[in-house]
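Subject: A structure for you to look at

Hello,

Here is the structure I promised to pass on to you. Please open it next to this email and follow along as you read.

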Amino acid sequence: MRGERAIRTVVGMEQTVGRSDGLTVGEVARISGLTVRTLHHYDETGLLSPSARTRAGHRRYGEQELLRLRQMLIRCILISAMLLVSHG
């Protein structure tokens with residue numbers, strides 16, 4: 001079930017890429033299946049930083065960040081699948 005959700009998430013992200021004003025952290029959390037706190041952690045550690053911030057300091061994620069996040073999620077899916085196969 002989790003694998004199916006992860007695949008639907010990656011496909012859903014493809015449909016969102018290209019929005020010109022960027023996405024809020026909440027929108028990215030919703031389409032990625034990650035929590036807002038996880039995305040904040042990724043920003044704090046430099047793993048995935050937003051492309052811009054509003055005057056109020058709110059994170060805005062652009063096309064490049066969504067593509068990077070998509071790649072990160074795909075790698076997680078592949079690693080999980082390999083681990084399941086090797087320990088199955």
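Below is what I found in it, going from the overall layout to single residues.

Before anything else, please keep in mind that this is a predicted model.

**The overall layout**

The protein chain has four helices and three strands. Starting at the N terminus, their order is α-β-α-α-β-β-α. The chain holds 88 residues, and 28% of them are buried.

**Two helices that cross**

A good place to begin is the pair α2 (residues 25–32) and α3 (residues 36–45), whose axes come within 9 Å and cross at roughly 115 degrees. With that angle, the two helices are roughly perpendicular to each other. The crossing of α2 past α3 is right-handed.

Which residues of α2 are buried? They are Val25, Val28, Ala29, Ile31 and Ser32. As a reminder on reading such a list, an α-helix has 3.6 residues a turn, so residues three or four places apart point the same way.

Between α2 and α3 there is a loop, and glycine 33 lies in it. This glycine 33 comes after α2 and has a positive phi, near 85 degrees. Its relative accessibility is 31%, so glycine 33 counts as partly exposed. If you want a landmark from elsewhere in the sequence, try leucine 73: its C-alpha atom is 10.0 Å from that of glycine 33, although the two are 40 residues apart along the chain.

**The salt bridges**

Side chains of opposite charge can pair when their charged atoms come close. How many salt bridges does a search of the whole structure find? It finds three.

Two of them share aspartate 43, and together they link Asp43, Arg53 and Arg59 in a network. Here is how that network is put together:

- Aspartate 43 pairs with arginine 53, and their closest N and O atoms are 2.7 Å apart. Since aspartate 43 sits in helix α3 and arginine 53 in strand β2 (residues 52–53), this pair ties together parts that are ten residues apart in sequence.
- Aspartate 43 also pairs with arginine 59, where the closest N and O atoms are 2.8 Å apart. Arginine 59 belongs to strand β3 (residues 59–61) and aspartate 43 to helix α3, so here the parts tied together are 16 residues apart in sequence.

Are the members of this network buried or exposed? Aspartate 43 has 13% relative accessibility and therefore counts as buried. Arginine 59 is buried as well. Arginine 53, with a relative accessible area of 44%, is partly exposed.

The remaining salt bridge joins the side chains of arginine 37 and glutamate 44, at 3.4 Å from N to O. Glutamate 44 has a relative accessible area of 53%, so this residue is exposed.

**A nonpolar patch on the surface**

Finally, have a look at Ile79, Met82 and Leu83, which form a nonpolar patch on the surface. Together these residues have about 310 Å² of accessible area. Methionine 82 belongs to helix α4 (residues 63–87). Its relative accessibility is 56%, and the cut-off for exposed is over 50%, so methionine 82 counts as exposed.

If you have only a few minutes, I would start with the network of Asp43, Arg53 and Arg59 and then turn to the patch of Ile79, Met82 and Leu83.

Enjoy exploring, and write back with any questions.

Best wishes

How values were computed:
Residues numbered from 1 in each chain as written. Predicted model: local features only at pLDDT ≥ 70, side-chain atom pairs only at ≥ 80, totals over all residues. Heavy atoms only, no water. Patch = residues over 30% accessible without salt bridge, like charges linked within 9 Å, V, L, I, M, F, W, Y side chains within 5 Å. Areas by Shrake-Rupley, 256 points an atom, 1.4 Å probe, with all protein chains shown as cover. Salt bridge = Lys/Arg side-chain N within 4 Å of Asp/Glu carboxyl O. Buried < 20%, exposed > 50% of the residue type's maximum accessible area, 1.4 Å probe, protein only. Axes fitted to C-alpha atoms, helices over the stretch in contact; angles between N-to-C directions. Parallel < 35°, antiparallel > 145°, perpendicular 65-115°, else oblique. Left-handed = near helix turned anticlockwise from the far one by under 90°.
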